[in-house]
Amino acid sequence: MKRRKFIEKSTLTMTALSLSNGLFQPRLFAMNQKTKITPVAVATWNFQNATKKAGEMLYNGATALDAVEQGVRVEESNLKNTTVGNGGAPDRDGNVTLDACIMNPEGNAGSVVYLQHIEHPVSVARKVMEETPHVMLAGEGALQFAIQQGFKKQDLLTPESEEAWKEWLKDRNYKPIINIEKHDTIGMLCLDENGDMAGACTTSGLAYKMNGRVGDSPIIGAGLFVDNEIGGATATGMGEAVMKSVGSFLVVELMRQGKTPQQACEEAVMRTIKKDPKYKDFQVGFIAMNKQGEIGSYCIHKGFSYAKFYKGESTDTPSDSYLK
Ligand code: SD4
């Protein structure tokens, strides 16, 4: 061996040896590095501002958890969206009460139900997951916790929502509308460049619900479920129907059994249709994504769609439906 090559080789060997005795083990480091995958953000309805926000974060290396939280916050702040966060329609007594949850790739979950006066319930849900020994906080306790965590208390009833509620009070006819203005609860699933999945779901619930009513959206397994080994699912529509079938958990379990995201969403909707003779009176829709980034969606009534951000492109895809 030539002298220069010998010196290079022995220097490398010695460096490797000394490093392996110390803190840094280059071989192990190389083996542990995951192959990067192409991230995806997907959400219920045509919430492209939200998926774009999440998607751009993912393409800049953000974790799925940070991306879903920041993504759905876009709609929580959107005053024109009367179904989520600030500006959400109140219950029949005029209270804006919000439900939200979040799940991380480790299978941890946080949730808030019947939360008033806080614009970003999803971020309070994340704090419940990360800062408390619990999964779910409700009502006054959730509000107190949010304030302790530094969230600002504010009035979420906009003049427009108040006016619409006063109009509703005239005949007090409780009939949840199917596909409100083609947007509704936002449920989002993100797959980050490490291949990890997280999800979030946030809503003001059904307009003019009874005081105290909580829907499916903050219920882990109903409005949202993520299993980082399989994939995730999230729901929109009549929460009572979604809760009865534990819909999002069902979709993920069907994927675990080998169904594609599309087949799993279809089967979950069909369960509701078979069991509830009144299914034509309400909407239920699911979106699902597996660990390969494949997406499916299905609903009862046409008009539901999902937003996606993938490789810099933002799209809205109409969902297939049972009733054509
Ligand atoms: C609820 N699932 O509170 C929510 C509302 C919703 O489309 O998604 N509407 O029942």
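This briefing covers the overall fold, the ligand site, the cysteines, helix α9 and two loop residues. The model is predicted. The protein chain has 324 residues, and 52% of them count as buried. Its secondary structure comes to 10 helices and 13 strands. A ligand sits in the structure, and the protein covers 98% of the 280 Å² of accessible area that the ligand has on its own.

**Overall fold**

- Among contacts in the protein chain with a separation of 6 or more, 65% link residues 24 or more positions apart.
- The exposed surface of the protein chain is about 15,600 Å². Carbon and sulfur atoms supply 52% of that area.

**Ligand site**

- The ligand is surrounded by D184, T185, G205, L206, R213, G215, D216, S217, T236, G237 and G239.
- By class, this shell holds seven polar, three charged and one nonpolar residue.
- The side chain of T185 places an N or O atom 2.5 Å from an oxygen atom of the ligand.
- For the side chain of R213, the corresponding distance to a ligand oxygen atom is 2.7 Å.
- T236 also takes part, with a polar side-chain atom 3.0 Å from an oxygen atom of the ligand.
- Coverage by the protein reaches 98% of the ligand's own 280 Å² of accessible area.

**R213**

- R213 is in the loop between β6 (197-203) and β7.
- R213 counts as buried because its relative accessible area is 12%, under the 20% cut-off.
- Its side chain makes a polar contact of 2.8 Å with the side chain of E240.
- Leaving out residues up to four places away in sequence, R213 touches G205, L206, G239 and E240.
- Of these contacts, G205, L206 and G239 are also among the residues around the ligand.

**Cysteines**

- The whole structure contains zero disulfides.
- C101 is in no disulfide, and the nearest cysteine sulfur, that of C201, is 5.5 Å away.
- C101 has 0% relative accessibility, so the residue counts as buried.
- The sulfur of C299 has its closest cysteine sulfur in C265, at 9.9 Å. That is too far for a bond, because a disulfide needs sulfur atoms within 2.5 Å.
- C299 is buried as well, with a relative accessible area of 0%.

**Helix α9**

- Helix α9 spans residues 247-256 and is mostly covered, with eight of its 10 residues buried.
- The buried set is G247, S248, L250, V251, V252, E253, L254 and M255.
- These buried residues pack against three strands and two helices by name: β7 (224-227), β8 (231-237), β9 (284-290), α8 (239-244) and α10 (261-275).
- An α-helix has 3.6 residues a turn, so residues three or four places apart point the same way.
- Just after α9, G258 adopts a positive phi of about 115°.

**Q154**

- Q154 is in the loop between α6 (139-148) and α7 (159-169).
- Q154 and E119 are 35 residues apart along the chain, yet their C-alpha atoms are separated by 7.4 Å.
- The side chains of Q154 and E119 form a polar contact of 3.3 Å.
- Neighbours within four places in sequence aside, Q154 is in contact with N86, H117 and E119.

Note on methods: Residues numbered from 1 in each chain as written. Predicted model: local features only at pLDDT ≥ 70, side-chain atom pairs only at ≥ 80, totals over all residues. Heavy atoms only, no water. Near = heavy atom within 4 Å. Polar contact = N/O pair within 3.5 Å; in protein donor to acceptor, adjacent residues only side chain to side chain. Areas by Shrake-Rupley, 256 points an atom, 1.4 Å probe, with all protein chains shown as cover. Nonpolar A, V, L, I, M, F, W, Y, C, P; charged D, E, K, R; others polar. Buried < 20%, exposed > 50% of the residue type's maximum accessible area, 1.4 Å probe, protein only. Helix = DSSP H or I, 4+ residues; strand = E, 2+ residues; numbered from the N terminus. Contact = heavy atoms within 4.5 Å.
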